[in-house]
Amino acid sequence: MIAGFSTTSGRFDWTGFIFAILLAIVIAVPLLVVFTWAFTEVWRYPSVIPQKFGLRFWDQTLSRADVWEALSISLRLSATVTFLSALICLPAAYAFARMKFPGRDLFFLSFLASHAFPKFGLLVAIASIFLQLNLIATFWGVVLIQLVGTLMLMIWIPVAAFQAVDRRMEEAARDVGAGPLRVFWSITLPQAFPTIFAAVLLTFVSTFYETEGAWLIGAPQIRTMPVLMINFINNQVVIQYGAVLSVILWVPSFIALMFARRVIGTGAFAKGFGA
Amino acid sequence: MARLTIDNLRKAFAGTVAVDDFSLDVADGELVCLLGPSGSGKSTVLRMIGGFEQPSSGAIRIDGQDVTRLSPERRPTGMVFQSHALWSHMNVFNNIAFGLKLRRLSRAEIRDKVEHALELVGLAGYGTRQTFQLSGGQQQRVALARSLVLEPKILLLDEPFASLDQHLRERLREEVRDIQQRLGITTLFVTHGQDEALAMADRIVVLRNGQCEQADAPDVVYRNPQTQFVAGFIGQMNFISASVEGGRFLHPDFMLPVNVPDGPAVLAVRPEALDLASAQADQGAIVLRSTDFGSHIMVDLQLRDGTRLKAMTAPDQRWQKRASVHLNVGQFALYRDNHLLTIGQPVGGSEQAPEVEPALSV
Ligand SMILES: Nc1ncnc2c1ncn2[C@@H]1O[C@H](COP(=O)(O)OP(=O)(O)OP(=O)(O)O)[C@@H](O)[C@H]1O
Ligand SMILES: [Mg+2]
């Protein structure tokens, strides 16, 4: 899409323009509606804009202890899961990408297999195991279930990233005197970094928004933000509560995206997904 | 600075033998070119010396010390890769400084050395550039500086100029040769280009199927190729197949007295060793084409048995298309089963080119 704008040489790029408009409608309009609802006190049909704006529902939402509790749990969960996922998956990804060992392909497939079956069935199966292990409704129980969900992303993308690192670069580093560990730290990791960073970011965000596992294993003690939001929507017909929570939920995404832009720049970010 | 000894090196990959019983002795400060067709094992030899490939058998010694089992970071070798392999997440300065930092030099020392190395390759002031802001030739030079700054005992260059255009290649070739001479680094240089080898090398090693065909000074390799393969690989060469009977090389178009046992043989003559003389129609070879190169004229000929030849003549000699000519063979070599039988001037040849009698039978 970005290329669509920059490659125009004088002539207007209609394809790119239409594409951008469509994207804007699909993405921006719902966001705008939700955003508007969050700051609305009265909005009755058939008015196009709300009758009364205000922060009343923000006050009400933010004064609730369970919202803050949920936010804290969500952040801690996402951070823990992302950290553990990186700790497990990055070395594994490096091994898959660079080393030859018996059963390598089978092992690789098993990492991906968790996503090959209907997810909810798998979750229920895991839940019954967790019940016996007394992990239901505990922080670490939710961490475990969400961890399983992140494995594929955190393996698949970094494997591709490590494989894309030029072997000659690593050899050249060995040649000037770097040992294997130093080569990994100074050459391989920085080379693969933009892509791996994208994977970490995606993992964090997707964990933050994950609901199925969190609800099935965590309820009722461990309530994450999305789970709380579902409760709000189910129990009360006041749209504003949901809208305010949605806007709050966007915050990590926005922070993550800003951070991503600063750290890696759009070019490298795209490269992480493309090549 | 260092002497490199390679003994009976062999490398077998699954299925193929890449290097087979390769031995070489490189003297201190010598520049040796490895030359050979694609897949002949040049890179594999170099990579084994650099430590990136483990030999199946054989030994590599540097100054008498056996380094065969040492990992690359422990060897006093510096390699410049064909793809230059610069680290794209570092700028030029850091690319060159990386090895120095590993050696725990002081900042000031590192800066001095890097600047000196950049100067050496003609890139002073380029330190803060990112690698993608350099042209292909500049990238190659940074790669060279990265190796040179560590003052390796042995410099290994694997087709460092392969991706560059002819002009730049010639210039960099001169530069490398210059630096190599000034610093006196023992150097192994892999190349596809025979003119590169002829221009740079103290010695040329011709590889074929992982084996050494000949290792000699460029002029020796050019003038006295020890195998038919080398004769054909370096420079332009005409090959004429026929048989030797009773001390004479018998070809339908001419004969040559030679002093070798009877049997099939291949005569090898360089274009510049072929002299042409007018012949009556229907005799000798036929001129197919002549191309004027300014300094000389290249004449394409066809013998009556279909063999194509090239002859280099003085620019004042003009040969008409389809003209008939006699061949006067000067310096020649005779091979049988790829091995040299004899080399030299036709018997009795002295000042003037010997007359070659037309064959009796057609
Ligand atoms: N890692 C490898 N695994 C299997 N075979 C290999 C490997 N590396 C090289 N070979 C084989 O070894 C032989 C020699 O390869 P090498 O790269 O040394 O050739 P080369 O002379 O450098 O050729 P070029 O001029 O094309 O670079 C080739 O037949 C090649 O297919
Ligand atoms: Mg090669």
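# Close-up views of a predicted two-chain model

Chain A is divided into domain 1, residues 14-57, and domain 2, residues 61-272. Everything described in these legends comes from a predicted model. Each legend below takes up one part of it.

**View 1. The two domains of chain A meet across a buried area of about 860 Å².** Start here to see how chain A is put together. The C-alpha centres of its domain 1 and domain 2 lie 30 Å apart. Eight residues of domain 1 of chain A are in contact with nine residues of domain 2 of chain A. Carbon and sulfur atoms give 79% of the area buried between these two domains. On the domain 1 side, look for A:V34, A:W37 and A:F57: these residues lose the most area to domain 2 of chain A, and together they account for 64% of what that side buries.

**View 2. Helix α2 of chain A gives the most residues to the domain 1 side of this contact.** Between domain 1 and domain 2 of chain A, zero salt bridges are found, while two residue pairs are in polar contact. On the domain 1 side, the elements that give two or more residues are α2 (14-38) and β1 (40-42) of chain A. Five residues come from α2(A). By class, the domain 1 side that touches domain 2 of chain A has six nonpolar residues, one polar and one charged.

**View 3. Chain B also has a domain 1 and a domain 2, here spanning residues 4-228 and 236-344.** The C-alpha centres of these two domains of chain B lie 39 Å apart. Nine residues of domain 1 of chain B are in contact with 11 residues of domain 2 of chain B. The two domains of chain B bury about 910 Å² between them, and carbon and sulfur atoms give 43% of that area. To find your way on the domain 1 side, look for B:Y222, B:P225 and B:Q228, which supply 62% of the area that domain 1 of chain B buries against domain 2 of chain B, more than any other three residues.

**View 4. Five residue pairs are in polar contact between the two domains of chain B.** Across this interface of domain 1 and domain 2 of chain B, the number of salt bridges found is zero. The domain 1 side that touches domain 2 of chain B divides into two nonpolar, four polar and three charged residues.

**View 5. Ligand 1 is surrounded by residues of chain B.** Among the residues around ligand 1 are B:P37, B:S38, B:G39, B:S40, B:G41, B:K42, B:S43 and B:T44. The list also includes B:F13, B:A18, B:E159 and B:H192. Three of the distances to oxygen atoms of the ligand are worth picking out. A backbone N or O atom of B:S40 lies 3.2 Å from an oxygen atom of ligand 1. For B:G41, a polar backbone atom is 3.0 Å from an oxygen atom of ligand 1. With B:H192 it is the side chain that takes part, as one of its N or O atoms is 3.0 Å from an oxygen atom of ligand 1.

**View 6. Chain A and chain B bury about 1,700 Å² between them.** The contact takes 18 residues from chain A and 22 residues from chain B. Carbon and sulfur atoms give 59% of the buried area. In chain A, the residues that lose the most area to chain B are A:R174, A:D175 and A:V176, together 37% of what that side buries.

**View 7. Two salt bridges are counted between chain A and chain B.** In one of the salt bridges, the side chains of B:E73 and A:R174 meet, at 2.6 Å from N to O. Eight residue pairs are in polar contact across the interface of chain A and chain B. On the chain A side, the elements that give two or more residues are α8 (167-175) and α9 (180-209). The largest share of that side, seven residues, comes from α8(A). By class, the side of chain A that touches chain B has eight nonpolar, four polar and six charged residues.

**View 8. A salt bridge within chain A joins A:R98 and A:E170.** The closest N and O atoms of this pair are 2.5 Å apart. A:R98 lies in helix α4 (residues 65-98) of chain A and A:E170 in helix α8 of chain A, so this salt bridge ties together parts that are 72 residues apart in sequence. Over all chains, a search of the whole structure finds 26 salt bridges.

Key. Residues numbered from 1 in each chain as written. Chains lettered and ligands numbered in written order. Predicted model: local features only at pLDDT ≥ 70, side-chain atom pairs only at ≥ 80, totals over all residues. Heavy atoms only, no water. Domains from an automatic or database assignment. Contact = heavy atoms within 4.5 Å. Buried area = accessible area lost by both parts, 1.4 Å probe. Salt bridge = Lys/Arg side-chain N within 4 Å of Asp/Glu carboxyl O. Polar contact = N/O pair within 3.5 Å; in protein donor to acceptor, adjacent residues only side chain to side chain. Helix = DSSP H or I, 4+ residues; strand = E, 2+ residues; numbered from the N terminus. Nonpolar A, V, L, I, M, F, W, Y, C, P; charged D, E, K, R; others polar. Near = heavy atom within 4 Å.
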